[in-house]
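Biologist: I am new to this structure and should be grateful for a close look at a single part of it. Please choose the part that tells the most about how the chain is arranged, and explain how it relates to the rest.

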Amino acid sequence: MLNLITHPEPNVIFLLALLHCFIGLSAGIVADTKGYSFALWLLIGAIAGTFGLIASLRLKPLTKES
């Protein structure tokens, strides 16, 4: 078990990085559908990962005043 942590397989690292990027993209898409900046939330999702996705899911939709 310790060997898995100290010497991880490159394929596992790649898969986890890909999953992290997908979660960050999802956070950007969710925030964009609620009226927030896609680029900002993509960055937040890329840095924070799952926490960014959870935060974007908890956002209230913006209302446009006309």
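Modeller: Read from the N terminus, the elements of the protein chain follow the order α-α-α-α, with four helices and zero strands. The radius of gyration is 16 Å, well over the 11 Å that the globule rule gives for 66 residues, so the chain is more spread out than a compact globule. The model is a predicted one. Along the principal axes, its C-alpha atoms occupy a box of roughly 60 × 15 × 10 Å. Buried residues account for 21% of the 66 residues. Among contacts with a separation of 6 or more, 50% link residues 24 or more positions apart.

The part I have chosen is helix 2, which covers residues 10–33. Its 24 residues should span 34 Å at 1.5 Å a residue, and this agrees with the 35 Å between its end C-alpha atoms.

Consider first what helix 2 hides. Its buried residues are I23, G24, S26, A27, G28, V30 and A31, and what covers them includes helix 3 and helix 4. I23 serves as an example from helix 2. Its relative accessibility is 17%, and it counts as buried because the cut-off is under 20%. Beyond its neighbours within four places in sequence, I23 is in contact with G49, T50 and L53. The C-alpha atom of I23 also lies 7.7 Å from that of A46, although 23 residues separate the two along the chain.

The covering can be viewed from the other side as well. S56 belongs to helix 4, which comprises residues 50–57. With a relative accessibility of 0%, S56 counts as buried. Setting aside its neighbours within four places in sequence, S56 is in contact with A27, V30, A31, K34 and W41. Of these partners, A27, V30 and A31 are also among the buried residues of helix 2.

Consider next what helix 2 shows to the outside. An α-helix has 3.6 residues a turn, so residues three or four places apart point the same way. A nonpolar patch on the surface is formed by V12, L16, L19, F22, L25, I29, F38 and L42, with about 690 Å² of accessible area together. Helix 2 provides the largest share of this patch, namely six residues. Helix 3, residues 38–48, also supplies at least two residues. L16, one of the patch residues, is located in helix 2. It counts as exposed because its relative accessible area of 52% is over the 50% cut-off. For the protein chain as a whole, the accessible surface comes to about 5,300 Å², and carbon and sulfur atoms hold 73% of it.

Finally, there is the region that follows helix 2. There one finds G35, whose phi is positive, near 100 degrees. G35 is 6.2 Å from P61, C-alpha to C-alpha, while 26 residues separate them in sequence. P61 itself sits in the segment after helix 4 and is exposed, with a relative accessible area of 56%.

Taken together, helix 2 has buried residues whose cover includes helix 3 and helix 4, and it also contributes six residues to the nonpolar patch.

Methods
Residues are numbered from 1 along each chain as its sequence is written. This is a predicted model: local features need pLDDT of at least 70, side-chain atom pairs count only at pLDDT 80 or more; totals for chains, interfaces and linings use all residues. Side-chain values use heavy atoms; hydrogens and water are left out. Buried means under 20% relative accessible area, exposed over 50%, partly exposed in between (1.4 Å probe, protein chains only). Contact means heavy atoms within 4.5 Å. The radius of gyration is taken over C-alpha atoms; the globule rule is 2.2 Å times the number of residues to the power 0.38. Accessible areas come from the Shrake-Rupley method with a 1.4 Å probe; for residues, only the protein chains shown count as cover. Patches are made of residues with over 30% relative accessible area and no salt bridge: like charges are joined within 9 Å, nonpolar side chains (Val, Leu, Ile, Met, Phe, Trp, Tyr) within 5 Å. A salt bridge is a side-chain nitrogen of Lys or Arg within 4 Å of a carboxyl oxygen of Asp or Glu. The expected span of a helix is 1.5 Å times one less than its number of residues.
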